[in-house]
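Trainee: I have a structure open on my screen and would like to walk through its ligand site with you. Shall we take it step by step?

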Amino acid sequence: MHGFDADTEALGEAILKYAEERMRLHPVPLDGPKTLEELQSVAGNTITAEGMGGLAALRLFGDELALACLSNDHPRYLSFIPCAPTEAAVMFEMVVGASGIYAGSWLEGAGAVFAENVALRWIADLAGLPAEAGGVFVPGGTVGNLSALVTARWAARARHTASGSTGPRPTKVAAQAGAHSSIRSACDVMDAELIGVGSDEHLRLTGDNLRAVLEAEGPGTFFAVVATAGTTNFGIVDDLDSVAQVCHEYGIWFHVDGAYGGAGLAAPTVRHLFAGVEHADSFIVDPHKWLFAPFDCCALLYREPALARGAHTQKASYLDVLTDASEWNPTDYSIGLTRRARGLPLWFSLATHGTKAYTAAIERTLQVTRFAEAEITRRPYLEALREADLSVVVFRRKGWEPEDYHAWSDEMMREEFAFVVPTSHEGETVARFAIVNPTTSEDDITAILDTMA
Ligand SMILES: *Cc1c(COP(=O)(O)O)cnc(C)c1O
């Protein structure tokens, strides 16, 4: 199996050709799910004692399995938060896979870690974090939020111990209802208590509302506050500045979840919404969402990386050679030990295209978002629920019941025309576009809205 013979050569050519052809398709077919029975009947038994051969397995994937996966990068895939990587990033993903890199430590992956850290620094600079800030690329926002909150609790416990306090240690996290489900999940994993803070009339977390909850619960019982810079359902950016001030006043860790919206830091027309992010103790953004990197990639940054090392460094005799070194070991900043250099495709694409191209691509998605809002306003049968902060638009089709939204969405997917699933707000089923793909055009928006007339 190991070694490069004539069969490997033929397989290599076929694989590179397959990847190239997939990248050349603009737009790619949307494709769509099939049932277990359908897949079983076309695939049969694929893993046998003798093996089916690489070319046959590739054919099965290309002809059947790949077609049963929705193309996240389709311009009319506007559900959840899509992923629309650059060709440069996708191609480099293949290079990373072929390069035998362990990117958990400087000793083993110095060159990769160096480049990943350059990409992290770009993000830290966009956020206005200090020169000492640093972190690691983790698989996604869920792991990023959990790792940041574990660090926040470690830091609070260390302070609690150092203060000589005999009272209970802080166990609570504050966030608004629009915070991502992964915050609740992290609290469950940590056995921490999530305390909800009411939002203002714009559905934002504000310093005043936060202060009221901290005072009611006792500020000393909290080890972190989570603000969201771009909620998943609406793209709402919390009032980071006032939240940061209150966190500072009470000495509570300020975590900013920018998994989706953080990319807006690079877009001049929305950058002002992020004022206050520079005070974050920890910050995440998923480049696999709106920064055009392939899955899976979350940038996790800390104001004081030493605190993350305290919380996350694994110690064992077989790791001494790493932990005793003074170099930057990415594994010290999150849950997990072994890691691939998942930040490299982002780094390569940034190095290839330059940051101006990123700003232009993000602004392009914002332009299409504003077009969508104008079209919704213009059409009497549609109504936006709220003006978009970023690139998510939530709107209702007047007169539709939940079944109508679902039937409409199912039909568009069945026809491989668009993938736009409904969401809900305060019990009401509504339509939602998340626009992070620079190839999504005004015509795509018009065509989808026309189907709701
Ligand atoms: C997507 C998202 C997450 C979770 O990120 P994953 O990469 O899916 O784990 C967390 N927070 C927000 C605001 C998100 O939009």
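Mentor: Happily! One definition before we start: Asp, Glu, Lys and Arg count as charged, Ala, Val, Leu, Ile, Met, Phe, Trp, Tyr, Cys and Pro as nonpolar, and the others, Gly among them, as polar. Keep in mind, too, that this is a predicted model.

Trainee: Then how many residues of the shell around the ligand are polar?

Mentor: Let's go class by class. The shell holds 2 nonpolar residues and 3 charged ones. The polar residues in it number 9.

Trainee: Which side chain has an N or O atom 2.7 Å from an oxygen atom of the ligand?

Mentor: Start with the residues that come nearest to the ligand, which are Gly141, Thr142, Asp257, Asp286 and Lys289. Gly141 offers a backbone N or O atom, 2.8 Å from a ligand oxygen. Thr232 has a polar side-chain atom 2.8 Å from an oxygen of the ligand. The side chain at 2.7 Å belongs to Asp286.

Trainee: Which element gives the most residues to the shell around the ligand?

Mentor: Two elements give two or more residues each: helix H6 (141-162) and helix H10 (287-290). With 3 residues, the one that gives the most is H6.

Trainee: And which element of the chain has the lowest mean pLDDT?

Mentor: Across the chain the mean pLDDT is 97, and 100% of the residues reach 70 or more. Strand S5 (residues 253-257) has the highest mean among the elements, at 99. The lowest, 83, belongs to helix H12 (residues 320-323).

Conventions
Residues numbered from 1 in each chain as written. Predicted model: local features only at pLDDT ≥ 70, side-chain atom pairs only at ≥ 80, totals over all residues. Heavy atoms only, no water. Near = heavy atom within 4 Å. Polar contact = N/O pair within 3.5 Å; in protein donor to acceptor, adjacent residues only side chain to side chain. Helix = DSSP H or I, 4+ residues; strand = E, 2+ residues; numbered from the N terminus. pLDDT = per-residue confidence, 0-100.
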